[in-house]
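Student: I have a model open and would like to talk through the terms used for it. Could we take them one at a time?
Tutor: Gladly; let's look at it together.

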Amino acid sequence: MPLVLMLDDKKKIAGRIRPDLRSAHINLTSTDEEETFLDRLAKNRPDVVFMTYRSFGFQVKHLKAFLTRIRHANPSVPALLLVSGNRSLKNWRALESIRGEKLFDVVRCEASFAREMTFRTERLLELARSSQDPEPANRSKESSVQEQQNVLLKHLVPQLHNTETGRIDAGKVSEMFAVPLNHVAEMLNAKTATVHKTPDAPALQEKLGQLEHIAAGLLDLAGSQEGLRMWLNAPNQDLDRKTPLELLKEGRAEVVENLLEDVLLGQPG
Amino acid sequence: MLDEDGLAIALTRIPIVSSNGSLYRCVDLKYLSAPYSPPRPLYSLGAPATGARFTPLGGPPSLYMAEDHATALAEATLTIATASSMPPKVVFSAKASLDVILDLTQNYVQQMLETSLRELSGSWRLSNPTGPLPPTQLLGKAVFDSGRYSAIRYPSTKRPGGNCLVIFTGRLKPPSFVEVYDPDGNLKGRIP
């Protein structure tokens, strides 16, 4: 479980942040002594450090000096600074000037600051992890590039089609998505008995076409049926932590379709 | 996030920033091939057709790009990608000179708009198309309607530390421009 170490001038802030961090499976320990903080930083090797601006008497130069000491003890630990919400614009700009360091972030203290700090901590942890990984560009070089036929001129996913009728078959969708046929019927807003009787019925083709479009995008992006199923079953940040499969069952296939289309088009979301 | 009226006032007070440099996007090759040829790498009508983070459904033409190559690649990859092989993708860059940007990566700007990184990175896709706009689309609409800005700079949700821009192409006036960089001339596009 990741550990956060906090320099908290009055030990009040830590108590307000701790429950949110705990629900994100992050531990928090705090102190109001700078030297104890630096000692723990060296000994406990926390994953992220928090500080309050108040601890430095609201002086940027004191903050900078302390950051230098933190970097000396641990050059790569991400740091979050908590600032009271009523700081002036001039003060904010002074703080922004030290944000050049990418593992440093500033959060202002307001009603929902605990959730904001938890969110930013998760991002900093992710950033710290990714900066230890090889560059994505290098990874892509290692990947083999598979030449494909222009799928737009053919059936999007031939495996989903009935070989005799040529139509998309709900049974094959059920197989590829690894969901029971009655769940596919739910996605199609059709009766299970109807879908069971004629899984490639012409009346089902429009909605089955959406599912095929989703499958095609996923096979492109995830590279395999296993990857397709993993993505469909994983809670998704872009979907409010719902799984894509949940949305399909709610009859909101177009949301999943648009999300995948944006990724294929590289449109920042 | 401030309400519509509050945003309209705040947006007249926030300092603008300008930027000169390169922007990036990573696109599946098939979208740059037939039947989409000639390719239109700076196509900006896709976002209003389906909605996007700062573009409501039916909103203004908007071009979304990343500020660096790695962020462009992250935005074009599934978060749990397991692919050992993948179809070809094209990363292209565009030279951009933008003089009126709202910079949401700055904390003081977030403070003036009464928003947070969490809200700016929140999910917008599940909002009801006939209900109230999600906060980021409300902001995007206010920014466009203000007529003051041609672009918004915002933190990437896919790559912490990376930033993206949405450019309201209808608001780009010379000397501002965006132009695809391709010395071989395979990809072309310039706005305006």
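Student: How many helices and strands does the secondary structure of chain A come to?
Tutor: Chain A has 13 helices and 6 strands. Keep in mind that this is a predicted model.

Student: And what about chain B, and in what pattern do its elements follow?
Tutor: Chain B has 6 helices and 8 strands. Along the sequence they run α-β-α-β-α-β-β-α-α-α-β-β-β-β.

Student: What makes residues of helix H7 in chain A count as buried?
Tutor: The test is 20 or more other C-beta atoms within 10 Å of a residue's own. In H7(A), residues 170–177, the ones called buried are Ala170(A), Lys172(A), Val173(A), Met176(A) and Phe177(A).

Student: How do you know that the buried residues of H7(A) line one face?
Tutor: Look down the helix axis: the buried residues fall within an arc of 155 degrees, so they line one face of H7(A). Their cover includes H8 (181–188), H9 (192–197), H10 (205–222) and H11 (225–233), helices of chain A. Just after H7(A) comes Ala178(A), with a positive phi of about 55 degrees.

Student: Why is a set of residues called a nonpolar core?
Tutor: Its members must be buried, belong to the listed residue types such as Ala, Leu, Ile and Met, and be joined through C-beta atoms within 7 Å. The largest such core here has 82 residues, and those with the most contacts inside it are Ala215(A), Leu218(A), Met65(B), Ile152(B) and Ile167(B). Its largest share, 8 residues, comes from H10(A). There is also a second, separate core of 29 residues, with Ala14(A), Val48(A), Leu81(A) and Val83(A) among them.

Student: Which residues is Met65(B) in contact with, leaving aside neighbours within four places in sequence?
Tutor: They are Leu23(B), Tyr24(B), Arg25(B), Ala94(B), Cys164(B) and Leu165(B). A contact requires C-beta atoms within 7 Å, so each of these pairs meets that cut-off.

Student: How do you know that the radius of gyration of chain B agrees with a compact globule?
Tutor: For 192 residues a compact globule would have a radius near 16 Å, and chain B has 17 Å, so the two agree. Its C-alpha atoms fill a box of roughly 45 × 40 × 30 Å along the principal axes.

Student: What percentage of the residues in each chain is buried?
Tutor: In chain B, 45% of the 192 residues are buried; in chain A, 35% of the 269 residues are.

Student: And what share of contacts joins residues at least 24 apart?
Tutor: Among contacts between residues at least 6 apart in sequence, the share is 71% in chain B and 63% in chain A.

Technical notes
Residues numbered from 1 in each chain as written. Chains lettered and ligands numbered in written order. Predicted model: local features only at pLDDT ≥ 70, side-chain atom pairs only at ≥ 80, totals over all residues. Buried ≥ 20, exposed ≤ 12 C-beta atoms within 10 Å, placed from the backbone. Helix = DSSP H or I, 4+ residues; strand = E, 2+ residues; numbered from the N terminus. Arc of directions from axis to C-beta. Contact = placed C-beta atoms within 7 Å. Rg over C-alpha atoms; globule rule 2.2 N^0.38 Å.
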